[in-house]
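Colleague: I'd like to learn how to read a model like this one, from the surface inwards. Can you walk me through it?

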Amino acid sequence: MTNFIANKKYTGLLIGIGAFLLLILPTLAFAVGDGGADEKLGSSWFQDLLWGVVNGVFGFLVWMAGKLLDTAITTFVIGFGDLFINTGLGFAVDNLWQTVRDIFNLTFIFGLVYIGFKMILNVGDSSAKKMLVHIILAALLVNFSLFITKFIVDFSNIAAMQVAGAFSNGAGEYEAAGKFVERLGLTSIFDGDLTAFSSSNGNGYTYIFGTLFLFMVTAFAFFAGAILLIIRFVVLNLYMILSPIMFLGWVFPNLQRYSTEYWQNFLARAFYAPAYILMLYFAYVVFNEFSVLAKSNSFATAFASNNVATATEAFATTVPYFLIMIAFLMAAIVVGQKIGMTGGNAMVTFGKHLSGRARRAAGSVTFGITYPARAGARMAANAYGANRERRLNELQTRSGLAGTISRWNWVDRAARGGAEKLKNAELGTGTTNLKEKEYRQSTQARANQTEGELERKRQFETYNKTLDDKTKLATDLSDAFDELGKTIRKMTGIEKEKLGFEKLNNQKVAMHLSDDDISNLEKTGKFSSQQIQDIKNTRNEAYTNIATHGNVLGAGKNSTGALLYSHPNASTVDQKSSMFSKNVKDIGKMPVDVFKQQSMFDHITPAMLEERIKNGISTTDRTEIRNALSANLGIASTTVPTVALGPNNPWVKWANGNSTYAAQFFA
């Protein structure tokens, strides 16, 4: 019936036929009436008979349809709860729902067993975890599915009751159809006396057939609405019994469409009643404002006049409003169902969004609750798999039949494959024993690295503070110099970069920087070209100070040529050995003045000097360096080192070797 009403073709045809009949009946009747007195008088008994059938049969149908609609609203919508509780229907629904729920609980058990096998075998682990969350959540919600459906039904019925209050008679009954019949003026037709429309007036047939159409359309509208409300009551009880279906798609994704259809159809049925009654109320309010009904005109007078002009005027001011009212009644049925369906779809969409959040939240809670058990099972499985793998390796090293069989390809693949799966099984934890071990090692390495960085930073500050302390003795200063050099050399490029320009541009620090260190600082882009050049110059100044003063705490000479020191106890501190702790290539790039100091040859080796010569020295520089070397060796400046200095003396070996640089130096 709903589809018939919703079909525009049938609805339009029904209204069109009625409008056509109502338009032609007044004129047609008067035309027939002009045929003569005999014809009019002879038709009186037939009109009485025809009127008795129309008023008795179709008038009764209108009355019965109106009563059925009022009963459907009062009993099956507003009184839904009383009928459900007091007739035993609710008890039957509850028992049948328990049976359906128990069947669904059995499917959950099979689903859990299936997921357990997938997780043990580590097959599709991520999907298995999702299914586990869905099953647990669905198993919980299935036990509340009846409560959820009852809540929605109660909510829709309460909403319908609030709207239906406009049709209440004050005695607990709702007379929507009665209000429409009264306002439509159909009661005047029920009470109509055919003698007032005698054959002499020529309008009897118009009255009879016009009334017939009014009765048919009104009865159909009332019957349709009533039947749909009664069907709603029956279907909602079935939906409550089968309410576990609403969560079926959570367990079996392939059946998700059935859960979606359940939600859409259930919500559409539930909210059809308030939507339909709301549309009835709109129709009543609109029709109640029609001014024509405030006059003495009624639907009976539309066919009562014996004058064509008068009848046509009554028809024009009354019947079209009836057609409009019928259209509103039809629209209440169709639009009410459309609103219910749209609302149902909207609530399904909202429910999906809400259930997605709930599943994610439940997944987090479930993960937290079950993680310890799964972690324990995973550690045991991984340990057992690793042990099986070791035992297999040991067995394959043995001679004899057992060792030979264990080395067969298919035996090895089967045994090692099973052990490998157990060793790498995550069991929903997202990790394995091996991954955990590697992660612990990397974490410890990062912690050690950070701890080392913090310790070197602390040592750097401590040794710098010691060198600036005027109360420290020479031994303290010497130790601080050495330890500061070791600390800087241990620092990574990033650590040196973090020291900043001011600290790097200090002679105590710059003297420990290699060429690679300065190159890396330049590559970071955090130092300007001028700052890099300043650091290099500071380093060269530090080398020169150490070569001439012994350390970087020297401040120059006084008027008599005596050395001045910025630290009172720095005069005996010798930092030369620390300066030559670099690699040969870096030492070969030191200022040439460093090689002109006699005391420096206590630390300079032939390889260092040769590297410096490779980088270029002038003739004057060569002479001064040879004089310093000769003075250190205790030989004449023009003498080449001989075996008299000892056969293992490095300078003797260098001079007597095959080095072309040595030959040039001693030429």
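Modeller: Sure. Bear in mind that this is a predicted model. Start with the surface total: the chain exposes about 34300 Å², and carbon and sulfur atoms supply 60% of that area.

Colleague: Which residues make a nonpolar patch on that surface?

Modeller: A patch takes nonpolar side chains with over 30% relative accessible area. Here Leu-106, Ile-109, Phe-110, Val-113 and Phe-117 make one of about 550 Å². Val-113 sits in helix α6, which covers residues 89-120.

Colleague: Is Val-113 buried or exposed, then?

Modeller: In between. Val-113 has a relative accessible area of 45%, so it counts as partly exposed.

Colleague: Now the inside. How much of the chain is buried?

Modeller: Buried means under 20% relative accessible area. By that count, 42% of the 667 residues are buried.

Colleague: And which residues have the most contacts inside the largest nonpolar core?

Modeller: Ile-73, Leu-229, Tyr-276 and Leu-280, in a core of 73 residues. Helix α11 (residues 204-241) gives this core its largest share, 18 residues. Leaving aside residues up to four places away in sequence, Ile-73 touches Ile-78, Ala-164, Tyr-174, Ala-176, Leu-229, Ile-277 and Leu-280. There's also a second, separate core of 50 residues, with Ala-570, Val-573, Val-594 and Leu-609 among them.

Colleague: What about the fold overall?

Modeller: Count the elements: the chain has 30 helices and 2 strands. Then check sequence separation: of the contacts between residues at least 6 apart, 72% join residues at least 24 apart.

Conventions:
Residues numbered from 1 in each chain as written. Predicted model: local features only at pLDDT ≥ 70, side-chain atom pairs only at ≥ 80, totals over all residues. Heavy atoms only, no water. Helix = DSSP H or I, 4+ residues; strand = E, 2+ residues; numbered from the N terminus. Buried < 20%, exposed > 50% of the residue type's maximum accessible area, 1.4 Å probe, protein only. Contact = heavy atoms within 4.5 Å. Areas by Shrake-Rupley, 256 points an atom, 1.4 Å probe, with all protein chains shown as cover. Patch = residues over 30% accessible without salt bridge, like charges linked within 9 Å, V, L, I, M, F, W, Y side chains within 5 Å. Salt bridge = Lys/Arg side-chain N within 4 Å of Asp/Glu carboxyl O. Core = buried A, V, L, I, M, F, W, Y, C linked by side-chain atoms within 4.5 Å.
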